[in-house]
Amino acid sequence: MSKKLQVLLLSSSMLVVVFALIGGLGVHASSSSSSADSSYSHMQVYSEVLHRIRTEYVEEPNMGSVTNGALHGLLESLDANSSYLTPAEFKAYQASKTDAKAGIGAVISKRFSYAAVVSTTPNGPADKAGISAGDILETVNGKSTHDLSLAAIRTQLLGEPGSRLEAVIIRARKVEPQKLTIVREIVNPPAVQAQLMGENVGYIKLQALTKGKAQEVASKIKDLQSKGAKKLVLDLRNNAEGDEDEGIAVANLFLNKGLISYLQGQRYPKATFNADPEKKITDLPVAVIVNRSTAGPAEIVAAALLDNSRADVVGEKTFGEGSVQKVLDVPDGSALILSVAKYYTPKDKIIQDTGITPNVPVASGLDDVAAVTDDDSEVAPDEPQQQQTKPQQKEDDQLKKALDVLNRKNQKS
């Protein structure tokens, strides 16, 4: 292929994407001339960059790789959930949506341009392999996650039950990356846990908001109330998996009125989710616990109860995740996955941009634990496992604070 044709193809690809973003995604014919001028100015920059690559790069560039890299960077610059998929990646992505696949039991997002672990399923493959929230997957199956879109990374994590995934992990306080082998499994979301604690406190642990979890929570609340619970703790720590509709449904269990959340985008019709009084099942005082691994639907719950003054939220600022994606086919077989709408809190904050800040901040102490368990000088490889896990037995300061908040509320009433 001639250099002239290579540059022409790359230029055409870039122009298609630019026109898609400024035209197909919401720029109407009535857009201001200043906006149009700005768009054309950016295209001139693209053209100049392509010219410089062709004429001054140290060797003749692989224009296909340059194109893929440019498109990948363009989409990722929008947000972590927006992706460009090559024809091969898109084909694999489509297959993953229709074929039942095993996974590693981890919620993955992108941070610092690499795949980051938001949370892991207890006793799931990632958890068994020693992966925890905050870890960075530098490579999966020999491919750098820096060079893969989030959609492509999530596809790479799927496979047949029993198949192996090779990964390189980077974690805090570890000088060298760590190679791990993860055996994929069919991972089921954890069941809702509930127990009656001292002083008539009902404790509910919810680690996923997949389909049916709101009904499970409702059942647990009714059971705890029948056993004498006078106040509730809703523990949403490490809850990053599920469906936003389930988060809205869980919030409604505690609310008889008010805005739960709303969804809005540039061309996405605004969808408002208000509490239905017939779906509320309890008036008991509530404290919600969250941490850095609370994301998505769980953030909707926390924000709705906090903004409606229905509960205190205890813990750390949450991860910040909540958007809707649309898949757009490209004629060459590739695809764009674009975020088209974001979820808002009742007080008009974008969850994905800001996360949820507790009104009762309490650090989890996870950094202290990591400092001990990740320090190679502390524990030799052949020392007993219980010595390594001992720091995990420290007191749960966040739960303790949630109970204290509920007790103080009870005394005031």
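**A tour of the second largest pocket and of R171**

The second largest pocket holds about 1,400 Å³ of space. The model on the screen is a predicted one.

Begin with the lining of this pocket. Select K97, A106, V107, R154 and E241, which lie nearest the centre among the 49 residues that line the second largest pocket. Next, colour the lining by residue character: 23 of its residues are nonpolar, 18 are polar and eight are charged.

Now display the secondary structure around the second largest pocket. Three helices to select are α4 (87-98), α6 (150-156) and α8 (244-252), each of which supplies at least two residues of the lining. The strands β2 (106-111), β3 (114-120), β15 (323-329) and β16 (335-344) likewise supply at least two lining residues each. Rolling a probe the size of a water molecule over the atoms shows where empty space is left.

Move next to R171, in the loop between β6 (164-170) and β7 (178-183). Is R171 buried or exposed? R171 counts as buried because its relative accessible area is 12%, under the limit of 20%. Show its side chain and two partners: the backbone oxygen of G130, reached at 2.8 Å, and the side chain of Q178, with which the R171 side chain makes a polar contact of 2.6 Å.

Finally, zoom out to the whole protein. Its secondary structure consists of 13 helices and 17 strands, and 43% of its 413 residues are buried. Of the contacts between residues at least 6 apart in sequence, 70% join residues at least 24 apart. Switch on the surface: the accessible area is about 21,200 Å², and carbon and sulfur atoms account for 50% of it.

Note on methods:
Residues numbered from 1 in each chain as written. Predicted model: local features only at pLDDT ≥ 70, side-chain atom pairs only at ≥ 80, totals over all residues. Heavy atoms only, no water. 1 Å grid on protein atoms, 1.4 Å probe; cavity = no way out; pocket = protein on both sides within 12 Å on 5 of 7 lines; lining within 4 Å. Points joined across faces, edges and corners; volume = space filled by probe spheres on them. Helix = DSSP H or I, 4+ residues; strand = E, 2+ residues; numbered from the N terminus. Nonpolar A, V, L, I, M, F, W, Y, C, P; charged D, E, K, R; others polar. Buried < 20%, exposed > 50% of the residue type's maximum accessible area, 1.4 Å probe, protein only. Contact = heavy atoms within 4.5 Å. Areas by Shrake-Rupley, 256 points an atom, 1.4 Å probe, with all protein chains shown as cover. Polar contact = N/O pair within 3.5 Å; in protein donor to acceptor, adjacent residues only side chain to side chain.
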